[in-house]
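Me: Please take a close look with me at one part of this protein: its core. I am new to structures, and I would like to go step by step.

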Amino acid sequence: MEPGEPGEPGEPAWDRHGEGTLGGRALLELAAATGVAAWATWAALLMPGFRRVPLRLQVPYQPSGPRQVANALALLRGRSGKTVDLGSGDGRLVVEAYKQGLSPAVGYELNPWLLCLSNYWAWKAGYHGKVSFLKKDLWKVNLSDCYNVIVFLAPSVKPPLAAKLLAELPDEARVVAGRFPFPSWTPTSTLGQGMEQVWAYDMKEVRRAAQREALSHSSLIKPGIRGQQL
């Protein structure tokens, strides 16, 4: 036999007719199995924390990348006071915040599997008992004693969350948003590009801007009211 003929030792398996190839039925079965596996992962790991949260306020889990974490913590460097991650996922931001000297460092997360994973990472880093991961709904947590707030959440929840932060956070607090900014706030500083970009907001400045906007809005309304009265 000449080298390279079917059946020769060393011939790539995918070149042999009828061997190592997937037919249409096999591909469909593989796709179905993959879909079932993905659904099972969602149902077991990610769904439990969402059941008690209104649909419009639900945020799917998406882990933060190393550069996102580094950028977020760079905007908190040199600060002190209680640091919280709202929707802390696997806990990596909380652990890294504690490494940077931010204490107490707390993560709020509803998903029990992600809470277990968070505690594992804290234990592996040697911070077991030094950081906290609490199974609490971020919408029901009182944030009045928080001075550093990390928010890696979807754009759909930013407007209602902005109202909560304005109502509860002290003037000295700083909010760091990852992936998506708060649409109605002007950031104090920003770092990174694309999906690695993060935005920092100082609450004192955010409140001043909100007050200026409210005054400007009221001054526009009053002449119209006087005109109607005349």
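Reply: Let's start with one word we will need: two residues are in contact when they have heavy atoms within 4.5 Å. Keep in mind, too, that this is a predicted model. Among contacts between residues at least 6 apart in sequence, 62% join residues at least 24 apart. Of the 230 residues in the protein, 37% are buried.

Next, the parts list. The protein has six helices and seven strands, and along the sequence they follow the pattern α-α-β-α-β-α-β-β-α-β-β-β-α.

Now for the core. In soluble globular proteins, nonpolar side chains tend to be buried together. Here, the largest nonpolar core has 26 residues, and those with the most contacts inside it are Leu86, Val149, Leu161, Leu165, Leu169, Val175 and Phe182. Several elements supply at least two residues each: strand E1 (83-86), strand E2 (105-108), E4, E5, E7, H5 and helix H6 (203-229). H5 gives the most, with three residues.

That makes H5 a good place to zoom in. This helix covers residues 158-168, and its buried residues are Lys158, Leu161, Ala162, Lys164 and Leu165. Viewed down the helix axis, these buried residues of H5 fall within an arc of 165°, so they line one face of the helix. Try turning the model until you look straight along H5, and you can see that face for yourself.

Phe182 is a helpful landmark here. Leaving aside residues up to four places away in sequence, Phe182 touches Lys158, Leu161, Ala162 and Leu165, and also Val151, Val175, Ala177 and Tyr201. There is also a second, separate core of 13 residues, which includes Ala72, Leu73, Leu75 and Ala200.

Two residues of that second core lead us to helix H2 (residues 66-74), where Ala72 and Leu73 are buried along with Gln68, Val69 and Asn71. The cover over the buried residues of H2 includes helix H3 (92-99) and the strands E4 (148-151), E5 (174-178), E6 (189-191) and E7 (198-202).

Charged residues have a place in this picture as well. Side chains of opposite charge can pair when their charged atoms come close. Arg174 forms a salt bridge with Asp202, with the closest N and O atoms 2.7 Å apart. Arg174 is in strand E5 and Asp202 in strand E7, so the pair ties together parts that are 28 residues apart in sequence. Both Arg174 and Asp202 are buried. Another salt bridge joins Arg207 to Asp171, the closest N and O atoms again being 2.7 Å apart. Arg207 sits in helix H6 and Asp171 in the loop between H5 and E5, so this pair links parts 36 residues apart in sequence. Arg207 is buried, with a relative accessible area of 17%, whereas Asp171 counts as partly exposed at 35%.

To finish, here is a contrast from the surface. Leu117, Tyr120, Trp121 and Trp123 form a nonpolar patch there, with about 420 Å² of accessible area together. Trp121 belongs to helix H4 (residues 112-124) and is partly exposed, at 35% relative accessibility. Both Trp121 and Leu117 are among the residues that Asp90 touches, and Asp90 is buried at 3% relative accessibility.

Conventions: Residues numbered from 1 in each chain as written. Predicted model: local features only at pLDDT ≥ 70, side-chain atom pairs only at ≥ 80, totals over all residues. Heavy atoms only, no water. Buried < 20%, exposed > 50% of the residue type's maximum accessible area, 1.4 Å probe, protein only. Helix = DSSP H or I, 4+ residues; strand = E, 2+ residues; numbered from the N terminus. Arc of directions from axis to C-beta. Patch = residues over 30% accessible without salt bridge, like charges linked within 9 Å, V, L, I, M, F, W, Y side chains within 5 Å. Areas by Shrake-Rupley, 256 points an atom, 1.4 Å probe, with all protein chains shown as cover. Salt bridge = Lys/Arg side-chain N within 4 Å of Asp/Glu carboxyl O. Core = buried A, V, L, I, M, F, W, Y, C linked by side-chain atoms within 4.5 Å.
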